[in-house]
Amino acid sequence: MRFFLKAKFLFFIFLLFMVKSLFALNFTEKNAFDLYQKGNYRNAYAIYFILHEKNPIPKYCFYLGNISHILQKYDEAENWYRRGIALSENVNDSILFNLSVVLVFKDKLKESLSYMKKIKNKTPLIRFALS
């Protein structure tokens, strides 16, 4: 019984710390990008996620996908990139390229190539991959 109370107390302290650290963050796009550039991916993810919940735009999906990819959460990255593409009227080449890279990591090579073909401004590397 004593162990259960200790575990419950420690979990409560952990939750308080997490809530306090989230409220300490400044929920702006600039702050999220600064954290992203500094490699503070978990806090950048939290801010981009909150921003996306308030205003779902492809740009936030792009960064959420990038962070998920960096953290090797490939299924999550794929979902964010696909969501960003679905929200886009004019799909950005970067999100298509990043989705194709994630698909390579997931051994979905044919699907990866199909997204590479959709890229408008093909770099020499993409042209080589498609040849």
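Start in helix α4, where Tyr60, Cys61, Phe62, Tyr63, Leu64, Gly65, Asn66, Ile67, Ser68 and His69 are buried. Keep in mind that you're looking at a predicted model. With 10 of its 13 residues buried, α4 is largely enclosed by the rest of the structure. What does the buried part of α4 pack against? Its neighbours there are α2, α3, α5 and α6. The helix also passes a simple length check: at 1.5 Å a residue, the 13 residues of α4 should span 18 Å, and its end C-alpha atoms are indeed 18 Å apart.

Now zoom out for a moment. The chain has 8 helices and 0 strands, so reading from the N terminus you meet α-α-α-α-α-α-α-α. Of the 131 residues in the chain, 31% are buried. If you take the contacts with a separation of 6 or more, 39% of them join residues 24 or more positions apart.

Back inside, have a look at the largest nonpolar core, which has 27 residues. Tyr36, Tyr48, Ile67, Tyr81, Ile85, Leu99 and Tyr115 are the ones with the most contacts inside this core. At least two core residues come from each of α2 (29–37), α3 (41–54), α4 (58–70), α5 (74–87), α6 (93–105) and α7 (109–117). Which helix gives the most? That's α4, with 6 residues. As background, nonpolar side chains in soluble globular proteins tend to be buried together.

Leu99 is a good residue to click on next. Leaving aside residues up to four places away in sequence, Leu99 touches Glu78, Tyr81, Arg82, Ile85 and Tyr115. Three of those partners, Tyr81, Ile85 and Tyr115, also appear among the residues with the most contacts inside the core.

Leu99 also takes part in the pairing of α6 with α7. On the α6 side you'll find Leu96, Leu99, Ser100, Leu103 and Val104, and they meet Leu109, Glu111, Ser112, Tyr115 and Met116 in α7. The two helices, α6 and α7, pack at an angle of about 170°, with their axes 8 Å apart. That angle makes α6 roughly antiparallel to α7, since anything over 145 degrees counts that way. Sorted by class, the residues in the contact of α6 with α7 are 7 nonpolar, 2 polar and 1 charged.

The loop between α6 and α7 holds Asp107. The phi of Asp107 is positive, near 60°, in a residue other than glycine. Is Asp107 buried or exposed? At 66% relative accessibility, Asp107 counts as exposed.

Gln72 gives you another case of this kind, in the loop between α4 and α5. Gln72 is not a glycine, yet its phi is positive, at about 60°. Its relative accessible area is 59%, so Gln72 is exposed.

Finish with Phe33, in helix α2. Phe33 is partly exposed, with a relative accessible area of 28%, which puts this residue above the 20% limit for buried. Setting aside residues up to four places away in sequence, Phe33 touches Tyr48 and Tyr63. You've met both partners already: Tyr48 is one of the residues with the most contacts inside the core, and Tyr63 is one of the buried residues of α4. Along the chain, Phe33 and Ile47 are 14 residues apart, and their C-alpha atoms are separated by 9.3 Å.

Note on methods. Residues are numbered from 1 along each chain as its sequence is written. This is a predicted model: local features need pLDDT of at least 70, side-chain atom pairs count only at pLDDT 80 or more; totals for chains, interfaces and linings use all residues. Side-chain values use heavy atoms; hydrogens and water are left out. A nonpolar core is a set of buried Ala, Val, Leu, Ile, Met, Phe, Trp, Tyr and Cys residues joined through side-chain atoms within 4.5 Å. Buried means under 20% relative accessible area, exposed over 50%, partly exposed in between (1.4 Å probe, protein chains only). Helices (H or I, at least four residues) and strands (E, at least two) are DSSP runs, numbered from the N terminus. Contact means heavy atoms within 4.5 Å. The expected span of a helix is 1.5 Å times one less than its number of residues. Axes are lines fitted to C-alpha atoms, for helices over the stretch in contact, and angles run from 0 to 180 degrees between N-to-C directions. Angles under 35 degrees count as roughly parallel, over 145 as roughly antiparallel, 65 to 115 as roughly perpendicular and the rest as oblique. Ala, Val, Leu, Ile, Met, Phe, Trp, Tyr, Cys and Pro count as nonpolar, Asp, Glu, Lys and Arg as charged, and the others, Gly among them, as polar.
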